[in-house]
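Colleague: Could you take me through one buried charged side chain and its surroundings, slowly enough that I can follow it on the screen, and then say something about the helices elsewhere?

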Amino acid sequence: MFAVVSLPQFVLQAALRHEPELWKKPVALVDPTRNTPTVCDFTPAAADAGVTLHLTPTQAMARCGSVMIRHRSPARETAAMEAVIHCAYGFSPHIEATAPGVVTLDLRALSRLIDATTETLMVWANELRHALRDQGLQASVGVGPTPNLARHAARWGSGVEIINAPRAFLDGLPVAALEPSADAATILDKWGIRTVGELLALGQESLADRLGLEALALFSAASTSVTRPLHLAQPAERFEESFEFDPAIETLEPLLFILRRFVDQLCARLEFTAVVAETVCLRLQLENGQVVERPLRVPQPTREADTLFRMLSTHLESVRTEAAILSVGLTISPIQAQQRQFGLFETVLRDPQQFQETLARLAALVGSDRIGTPVREDSHRPDAFKLIPPDFENAPPASGRKTPSLLESPAIRRLRPPALAAVNSDPSNGQPLAVRCSLADGKLKVAIGPWRTSGNWWENTGWSREEWDAATLRGKVVRLVRQEAGWTIEGLVD
């Protein structure tokens with residue numbers, strides 16, 4: 001048993017996939033790759049207004065003043081075909097990309113459909129059509145004992161067609177279903193042959209004497225038993241959608257509207273292939289030719305549409321473009337869903353997505369360079385640190401409480417920022433003799449030092465400092481630091 005998914009007017013469906021409301025309006029699709037761009041497809045409303053094939057856009061607008069012109073987009077056709085393959089893969093692992101807008105499924109290995117009744121096949125086919133409808137695509141499904149019969153059923157049936165009587169079904173098909181050449185179609189029309197049943201009644205040998213080898217191809221296409229191996233295809237490992245705005249947009253609302261459709265459709269495709277989103281790449285084409293591309297890492301890989309959309313909308317709140325937006329693209333890089341077994345005393349964030357969204361909002365307020373986890377830099381400079389994004393998955397285990405040792409130095413209470421101080425020092429060796437500050441005032445009883453450190457002398461950010469540990473006559477122990485800017489008290493020893 002085989003099934004075929006066929007999308008009528010596939011090129012037009014791909015062009016209007018993200019604008020379904022236009023199907024009720026007069027729309028003419030123009031192929032810009034031709035030497036003379038002409039209409040290659042149109043909506044029923046445009047046909048009622050007199051629009052036909054091979055008209056130029058000017059001629060189409062002359063016949064219907066309200067007709068809307070849309071251009072054929074190979075990128076949208078590729079994305080639509082990938083969406084069909086992803087959906088079909090969720091219903092059968094053995095699929096073939098037969099033609100643009102046509103996918104063949106092998107149902108013989110599906111346990112659900114072994115010895116299935118007509119009602120079971122109808123339910124299965126309607127589920128497949130519903131999945132495609134969620135992708136913005138209208139499809140017909142045909143089920144038959146051979147790939148050719150299933151394709152005839154999908155093309156000439158209505159919605160869902162299950163072939164239980166192959167010969168009776170073929171006899172009622174028009175001869176055009178066998179796709180004869182123009183010359184053969186003319187000859188058969190002159191003979192009065194209108195249906196496949198009438199053609200088969202002529203007999204293969206007698207028809208071959210008159211039409212030649214093409215008669216054999218026609219009888220093969222009308223066979224009820226001849227089958228063929230499928231050229232199996234694998235779903236693409238990319239999940240991508242794009243849309244061109246006409247005219248260009250300058251506000252956030254229409255961009256979020258189309259991104260919501262993107263996310264819903266892509267997440268449904270992720271579910272069919274049993275993967276989750278690891279990174280999301282947003283791409284904006286501006287009117288001045290600039291391309292703004294922002295890769296966003298998903299904190300915890302997921303295929304939840306609400307989570308991914310909230311992440312995109314939060315990011316767009318801080319995006320400012322220099323020109324209007326001509327097009328938008330969204331690409332999801334998938335990864336296999338992973339399950340992690342935590343230890344008995346390990347804890348995780350309750351909602352990693354919400355945590356990252358909060359960080360993104362804070363970064364928009366104070367700057368991305370001021371958000372993160374402080375980590376010491378590989379430098380001798382005191383208090384040298386940098387901020388890195390928090391990584392809870394690879395965080396080191398918490399160390400136990402350390403018992404203080406008698407040989408360790410006493411704790412110093414650091415002052416941030418350090419307090420400015422006026423220091424009198426010995427001109428011969430630079431040793432501090434007295435200090436005047438709000439924290440300590442008076443002569444020094446003892447001063448130990450100096451400890452000199454420096455670094456980055458080969459750059460503009462070079463630094464050098466001289467430290468002294470001193471005690472006043474009143475017993476106040478302080479750490480004095482002399483730098484190029486002067487003396488400061490950097491800490492107190494309690």
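**A charged residue and its surroundings**

Modeller: The side chains of E466 and R452 are joined by a polar contact of 3.3 Å (a pair of N or O atoms within 3.5 Å, one able to donate a hydrogen and the other to accept it). Please keep in mind that this is a predicted model, in which local features need pLDDT of at least 70 and side-chain atom pairs count only at pLDDT 80 or more, while totals for chains, interfaces and linings use all residues. Residues are numbered from 1 along each chain, and side-chain values use heavy atoms, with hydrogens and water left out.

E466 lies in strand 19, which covers residues 463-472 (strands are DSSP runs of E with at least two residues, helices runs of H or I with at least four). Because its relative accessibility is 8%, E466 counts as buried (under 20%, with a 1.4 Å probe). Setting aside neighbours within four places in sequence, E466 is in contact (heavy atoms within 4.5 Å) with G430, P450, W451 and R452, and also with L480, V481, R482 and W487.

Turning to the helices, helix 6 (residues 147-156) has P147, L149, A150, H152, A153 and A154 buried. Their cover includes strand 1 (2-6), strand 6 (102-106), strand 7 (140-144) and strand 8 (160-162), together with helix 7 (166-171) and helix 11 (213-221). Helix 12 and helix 13 also touch: L252, L255, L256, L259, R260, V263, D264 and C267 in helix 12 meet A305, D306, L308, F309, L312, S313 and L316 in helix 13.

Notes. Buried means under 20% relative accessible area, exposed over 50%, partly exposed in between (1.4 Å probe, protein chains only).
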